[in-house]
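Visitor: I would like a close look at one part of this protein. Please take me to the place where its domains meet, and then along the chain around it.

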Amino acid sequence: MAQTTRIAVTPGDGIGPEVVAEAVRCLETLRAKHGLDLEWTRFPWPSHAWHEEHGESMPADALAQLQKYDAILLGALGDPGPMDDPDRYLLPDSISLAPLLDMRKGFDQWVCERPARLLPGARQYLADERAKDIDMLVIRENSEGEYVSQGGRLRKGTPDEVATQMEVFTRKATDRIIRYGFEQARNRAADRVSEGRTRTFRTLDGRTCESQVCLVTKRNALRYWGDMYTEAFEEISKDYPDVATHHELVDAACMKFVQSPWAFDVVVASNLQGDILTDLAAVLSGGMGVAPSCNLNPTDPDMPSMFEPTHGSAPDIAGQGLADPTAMLFTAARMLEWLGRKDPAIAAAGKELFDAVAADLAENSGSRRGTHEIGSAICERLSR
């Protein structure tokens, strides 16, 4: 008998509760339609509201509680809004976003995966017609690098203040994120073949491959970890002769993301540089309102992975029912597909949700609809 798949739902701040509510409606529709062995629990933390009441963003045993679940569905963290309330309870970003980093590191969610594909109906920000072919996967090392929170402030608040922020890179984490990138490149190429579409990429020696991995560093200025990434990339690439390879410095990568994003397939980057690149890729593929994000632990089945939309808490529209839940719904679809590794019925439900959201996006391109209206339209599609 299959074991029940359990999801921890953490709506968070701002528009988070609004878009998460629509995702839960879709999950309820799919569970009822297919009899999925799926359940979820809503947590009022981490959030500003919890911090205001308890003096902390989440309980001391939060990670222990969350570890009992197979996945975490997170709405958003940050300014809760509304922005026209100058007396609202507002935390510094370093405090309100700390639970996000705690979960990523506590559960060793070492892969941050953000697909960027321009779907029909999504806004095309680039005028070049080739922008319709944007289809990349940006893979960000999520466990160390620039976000390890090592450092401090000496003589704080004085003219002699000194702030230090350390970056930490290990060969173990470097090897596993680069190898993961190559594996995903192969998987994406196989999926394209099954869908009757192919792409071609040139290798340095003139061959043609159906997939590519681009490594992004700043090795000319950040030489120590940049050289380690480069050496690991060159070594691991020997195991994947069918995958084309490429390297870009992060500033050049940002430029080429805008100039020719259709030339990229899989991109592997460090924590900070990947963070910047994924936001840029999200805009190029339609904007933050349609961009999902996944924080994955592919190696330890006892650790939950976390799924969140790329966008933030949007305090300017919080509580008004105006937030577009599309990114949240695409994120929920990715979560179901991930959980479907153990239950094919859940994977199929994830594909069904993705297709329903994509069809709604294509049919209603440019129309102004409220949060609940969009959720209702997609639930109606799922009920057919």
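Guide: We begin with the two domains and their contact, then visit some rings and some backbone features. Keep in mind that this model is predicted.

Start with the division of the chain. Domain 1 is built from two stretches, 1-107 and 300-383. Domain 2 covers 123-284. Their C-alpha centres lie 26 Å apart. Where they touch, domain 1 brings 4 residues and domain 2 brings 8 residues.

How much area is buried between domain 1 and domain 2? It is about 510 Å². Carbon and sulfur atoms give 48% of that area. Now look at the side of domain 1. Find Arg-104, Lys-105 and Thr-310. Together they supply 76% of the area that domain 1 buries against domain 2. No other three residues supply more.

What about polar links? Between domain 1 and domain 2 there is 1 residue pair in polar contact, with both residues at pLDDT 80 or more. The side of domain 1 that touches domain 2 has 2 charged residues, 1 polar and 1 nonpolar. Yet the count of salt bridges between the two domains is 0.

Next, the rings. The whole structure holds 10 aromatic pairs. One of them joins Trp-110 and Tyr-180. Their ring centres are 5.8 Å apart, and the planes meet at 75 degrees. That angle makes the pair edge-to-face, because planes over 60 degrees apart count as such. Trace the chain to see where each ring sits. Trp-110 is in the loop between helix H5 (98-106) and strand E4 (111-117). Tyr-180 belongs to helix H6, residues 171-194. The two are 70 residues apart, so this pair links distant parts of the chain.

Finally, turn to the backbone. Most peptide bonds are trans, and most residues other than glycine have a negative phi. Three places here are worth finding with that in mind.

- Trp-45 and Pro-46 are joined by a cis peptide bond, with omega about -5 degrees. Pro-46 sits in the loop between strand E2 (38-42) and helix H2 (48-54).
- Gly-81 and Pro-82 are also joined by a cis peptide bond, with omega about -10 degrees. Look for Pro-82 in the loop between strand E3 (71-76) and helix H4 (93-96).
- Arg-155 is not a glycine, but its phi is positive, about 55 degrees. This residue lies in the loop between strand E6 (145-154) and strand E7 (162-168).

How values were computed:
Residues numbered from 1 in each chain as written. Predicted model: local features only at pLDDT ≥ 70, side-chain atom pairs only at ≥ 80, totals over all residues. Heavy atoms only, no water. Domains from an automatic or database assignment. Contact = heavy atoms within 4.5 Å. Buried area = accessible area lost by both parts, 1.4 Å probe. Salt bridge = Lys/Arg side-chain N within 4 Å of Asp/Glu carboxyl O. Polar contact = N/O pair within 3.5 Å; in protein donor to acceptor, adjacent residues only side chain to side chain. Nonpolar A, V, L, I, M, F, W, Y, C, P; charged D, E, K, R; others polar. Phe/Tyr/Trp six-rings, centres within 6.5 Å; stacked < 30°, edge-to-face > 60°. Helix = DSSP H or I, 4+ residues; strand = E, 2+ residues; numbered from the N terminus.
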